[in-house]
Amino acid sequence: MEQTYMLDFNAKKGFICDMDGVIYHGNKVLPGVAEFIHWLHSEHKEYLFLTNNSGYTPRELHQKLARMGLDVPEEHFYTSALATAAFLKEQAPGCSVFAIGEAGLLNALYDAGITMNDVNPDYVVVGEGRTYSLETLTKATNLVLNGAKLIGANSDVSGPIENGIAPACRALIAPIEMATGTNAYFCGKPNPLMMRTGLRMLNCHSGEAVMVGDRMDTDVISGMESGMSTVLVLSGVTAKDDLKTYAYRPTVVLNGVGDIVTAAQSCV
């Protein structure tokens, strides 16, 4: 376990945590997670699970964790789908979109008053999803060529699953970008809009909060650029050897979120 600076977790008010590779891989909960969530509750910490996965609604995430034996109420989840819907509602209230994605993205868009349109939408919005196909790609490409603006729910290239990794939004939207010569705008981490919303939901100043994640290129950089302390856990996609390829560093590197509890209890 490598550390750059010691971090007093007891002194922090709020915790923003990634999910994939931090809380679970696929449908498998990671070691130390139950103890971490118990510690958050028992110490009355403000916390938010902030995920770039746009496929799930907060209710589905609540139920997914419940199936793993973890009790986390719906209000403790914020997704890149919700961030995308909030961005579009702010930018173009009542706009229409052609969306490629799952229930999490579609529900968030509907709830924000955004309508679906596969003829002449204002935006093409892409998230992770099983509806992804050459047919939908071709449709999206031509809609962008006809003037629709291109939005990605997040810029993750891949995500951890039980048996390896799966292509994520950045990889899925790349063919549309290449075919149209258009760069997508991404609403999830490390977009500071999503981080500021998370801090606002926690009612925390950045100096009082910790960002916990398994990715240097989304979690750590977004926390660092928002002024938060950062924890990189090695339970997801980033390995210890990967650290030397980045010009910035996390505040602390831990094997998993269970080590946060151990570190906090050792300081008492």
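Modeller: A residue is called buried when its relative accessible area is under 20%, exposed when that area is over 50%, and partly exposed in between. The structure above is a predicted model, and that definition will serve for several of its residues.

Colleague: What makes E74 partly exposed?

Modeller: The relative accessible area of E74 is 32%, and because partly exposed covers the range between 20% and 50%, E74 belongs to that class.

Colleague: How do you know that E74 and R59 form a salt bridge?

Modeller: The definition asks for a side-chain nitrogen of Lys or Arg within 4 Å of a carboxyl oxygen of Asp or Glu. In the pair of E74 and R59 the N to O distance is 3.2 Å, which is within 4 Å, and therefore the pair qualifies. E74 lies in the loop between helix 2 (58–67) and strand 5 (77–79), whereas R59 belongs to helix 2, so the salt bridge ties together parts that are 15 residues apart in sequence.

Colleague: How many salt bridges does a search of the whole structure find, and which residues are linked in a network of them?

Modeller: The search finds six salt bridges, and the residues D18, K189 and D219 are linked in a network of such bridges. K189 has a further feature, in that its peptide bond to P190 is cis, with omega near 10°; P190 itself is found in the loop between strand 12 (185–186) and helix 7 (192–202).

Colleague: Why is the pair of E177 and R170 called a salt bridge, and is each of the two residues buried, partly exposed or exposed?

Modeller: The closest N and O atoms of E177 and R170 are 2.6 Å apart, and because this is within 4 Å, the pair counts as a salt bridge. E177, at 9% relative accessibility, falls under 20% and is therefore buried, while R170, at 28%, falls between 20% and 50% and is therefore partly exposed.

Colleague: How do you class D217 and R215, whose side chains meet in a salt bridge?

Modeller: Their N to O distance is 3.2 Å. D217 has a relative accessibility of 33%, between 20% and 50%, and so counts as partly exposed, whereas R215 has 8%, under 20%, and so counts as buried.

Colleague: What makes H44 and N203 exposed, and what is said of their phi values?

Modeller: The relative accessible area of H44 is 70%, which is over 50%, so H44 is exposed; N203, with 60%, is also over 50% and is therefore exposed. H44 has a positive phi near 55° although the residue is not glycine, and N203, likewise not a glycine, has a positive phi of about 55°. H44 sits in the loop between helix 1 (33–42) and strand 4 (46–51), and N203 in the loop between helix 7 and strand 13 (209–213).

Colleague: Why is helix 3 called roughly parallel to helix 4?

Modeller: The axes of helix 3 (residues 80–91) and helix 4 (residues 103–111) come within 8 Å and cross at roughly 30°. Angles under 35 degrees count as roughly parallel, and therefore helix 3 is roughly parallel to helix 4. The contact is made by A81, L82, A85 and L88 of helix 3 together with G104, L105, A108 and L109 of helix 4, and by class it has seven nonpolar residues, one polar and no charged ones.

Colleague: What makes helix 5 oblique to helix 6?

Modeller: Helix 5 (residues 134–145) and helix 6 (residues 169–180) pack at an angle of about 45°, with their axes 9 Å apart. That angle is neither under 35 degrees, nor over 145, nor from 65 to 115, and so helix 5 is oblique to helix 6. In this packing L137, A140, T141, V144 and L145 of helix 5 meet L172, P175, I176, A179 and T180 of helix 6, a contact with eight nonpolar, two polar and no charged residues.

Colleague: How do you know whether S54 is buried or exposed, and which residues does S54 touch?

Modeller: S54 has 0% relative accessibility, which is under 20%, and therefore S54 is buried. The residue lies in the loop between strand 4 and helix 2, and, leaving aside residues up to four places away in sequence, S54 touches S80, A81, G104, L105, G127, E128, A153 and N154.

Technical notes. Residues numbered from 1 in each chain as written. Predicted model: local features only at pLDDT ≥ 70, side-chain atom pairs only at ≥ 80, totals over all residues. Heavy atoms only, no water. Helix = DSSP H or I, 4+ residues; strand = E, 2+ residues; numbered from the N terminus. Buried < 20%, exposed > 50% of the residue type's maximum accessible area, 1.4 Å probe, protein only. Axes fitted to C-alpha atoms, helices over the stretch in contact; angles between N-to-C directions. Contact = heavy atoms within 4.5 Å. Nonpolar A, V, L, I, M, F, W, Y, C, P; charged D, E, K, R; others polar.
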